[in-house]
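Me: Could you take a close look at the cysteines in this one for me? I'd like to know which are bonded, which are free, and where they sit.

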Amino acid sequence: MSTYFDASYAKKKHHRHKHHHKPEPSPDPGPSPVPIPNKTVFKVLDYGAKGDGESDDTKAFQDAWDNACDAEASTIVVPSGYKFLVSPPMTFMGPCQRNIVFQETGSTDSKMPKIRPTALRFYGSDNVTVTGITIENSPQCHLKFDNCTSVQVFNFRVSSPADSQNTDGVHVQNSHDVSIYNTSLSCGDDCISIQTGCYNVHVYDVDCGPGHGISIGSLGKKMKRACVHDILVQNVRMNNTTNGVRIKSWKDTSGSARNITFSNIQVTEVEKPIVIGQFYNAEPSEFKNEKSAVALSQISFENIKVTYTKQPVHLACSEIVPCSKISLTDIDLQPIQKESDIIGPFCQASYGEMRPPTIPPMDCLQSDSGNRNVLFAQDSC
């Protein structure tokens with residue numbers, strides 16, 4: 001398989017430089033300073049990259065990297081308006097000098113594309129390791145994995161403002177055996193989003209905020225069948241996020257998400273710390289008008305310590321395919337505003353058990369013994 005580095009489709013601006021004959025130096029002030037070429041900027045086009053989507057640009061990228069690796073505070077320049085094709089095996093390896101910047105030019109051009117590019121994407125790749133890099137101000141998602149196996153992301157940093165739209169930190173879909181740890185993620189959307197087709201995903205020792213928290217989904221967009229299982233998120237710290245941990249799916253879809261655990265989560269100043277919703281992007285009036293839903297089961301929230309600003313728990317599930325086997329253990333959710341500004345816990349078609357100590361107590365979560373749903377077994381993946 002091949003990996004594409006897609007730059008934005010803004011048009012390049014060409015500049016011509018005029019050369020003038022240098023006047024004879026006057027005998028008085030001494031020699032004029034001679035410009036020194038910038039030996040720390042490495043442009044992939046200078047190394048033979050074509051960017052036509054057909055030519056193999058692997059060697060150009062590798063050569064640019066090798067030279068940048070040897071120079072401290074270097075920059076690799078990838079221009080916009082091209083589609084670079086690189087083929088495995090290509091590895092950007094160190095050890096290198098400090099402060100290497102992988103820069104896409106043209107991102108400030110006034111004619112930005114309607115579909116903004118992802119900063120770094122891996123497609124159809126095995127044994128992928130991303131470590132020791134920082135991605136700042138990506139036009140859209142910062143780091144994306146699609147159809148990948150055996151992925152490790154660690155010592156990784158994302159930095160974008162809270163109001164930047166659709167700038168997920170790490171986005172994973174149709175991938176398995178993924179570990180994301182020792183990372184710091186500040187963005188304008190989900191710090192980590194785990195999409196359909198994912199299993200055996202482990203997230204731990206992560207700092208998140210600002211952002212929208214850590215999410216499973218959204219699942220089942222455009223009525224596509226969604227399947228996610230065996231996800232573990234633990235030892236996560238969040239600050240100033242809109243949500244804490246969340247599972248979200250679209251209504252009138254199918255599939256299942258099961259065996260998902262959120263453990264040892266610390267959150268400060270979050271609007272809603274625990275969220276499950278099978279009606280993503282739907283109005284409350286539509287909550288009971290679904291035809292089908294992604295079946296959600298075996299979902300555990302353990303040792304969650306939170307200060308929140310709006311609502312402690314929001315579980316909005318389908319009456320056609322209820323959420324089942326939900327467990328909340330050792331939950332401490334404390335409001336940081338006046339009680340008059342706080343909404344109480346909400347549960348709809350949600351079945352499971354509360355295991356003390358739990359603050360606040362919730363009587364809206366129903367016992368699994370009262371769940372007569374039979375569709376989960378039929379619709380599981």
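Reply: Here's a walk through the cysteines, with a stop at the sheet that some of the neighbouring strands belong to. Keep in mind that this is a predicted model.

The structure has 4 disulfides, and I'll go through three pairs here. Start with cysteine 69 and cysteine 96, whose sulfurs are 2.0 Å apart in a disulfide. The torsion about that S-S bond is about -100°, so the link is left-handed. Cysteine 69 belongs to helix H1 (residues 58–69), while cysteine 96 is in the loop between strand S5 (83–86) and strand S6 (101–104), so the bond ties together parts 27 residues apart in sequence. The two ends differ in exposure: cysteine 69 is buried at 8% relative accessibility, whereas cysteine 96 is partly exposed at 29%.

Next comes the disulfide between cysteine 191 and cysteine 208, with an S to S distance of 2.1 Å. With 80° about the S-S bond, this link is right-handed. Cysteine 191 sits in the loop between strand S13 (176–186) and strand S14 (192–194), and cysteine 208 is in strand S15 (residues 199–208), 17 residues away. Both cysteine 191 and cysteine 208 are buried.

Then there's cysteine 347 with cysteine 364, another disulfide, at 2.0 Å from S to S. Here cysteine 347 is in strand S24, and cysteine 364 is in the loop between strand S25 (350–359) and helix H2 (375–379), 17 residues apart. Cysteine 347 comes out at 15% relative accessibility, so it counts as buried, the cut-off being under 20%.

Now for the free ones. The sulfur of cysteine 148 has its closest cysteine sulfur in cysteine 198, 9.8 Å off, which is too far for a bond. Cysteine 198 is likewise in no disulfide. Cysteine 148 is buried, at 0% relative accessibility, and cysteine 198 is buried at 0% too.

As for the sheet, strands S14 and S24 are both part of an open sheet of 9 strands with parallel pairing, in the order S7-S10-S12-S14-S16-S18-S20-S22-S24. Strand S24 (346–348), home of cysteine 347, is an edge strand, as is strand S7 (120–123); each has a single partner, so one side of each has no neighbour in the sheet. From one strand to the next, the twist averages 15°. For one pairing within the sheet, take strand S16 (residues 214–219) and strand S18 (residues 243–249), which run parallel over 4 bridges. In that pair, isoleucine 216 is opposite isoleucine 247 of S18.

Note on methods:
Residues numbered from 1 in each chain as written. Predicted model: local features only at pLDDT ≥ 70, side-chain atom pairs only at ≥ 80, totals over all residues. Heavy atoms only, no water. Pairing = 2+ DSSP bridges. Helix = DSSP H or I, 4+ residues; strand = E, 2+ residues; numbered from the N terminus. Axes fitted to C-alpha atoms, helices over the stretch in contact; angles between N-to-C directions. Disulfide = S-S within 2.5 Å. Buried < 20%, exposed > 50% of the residue type's maximum accessible area, 1.4 Å probe, protein only.
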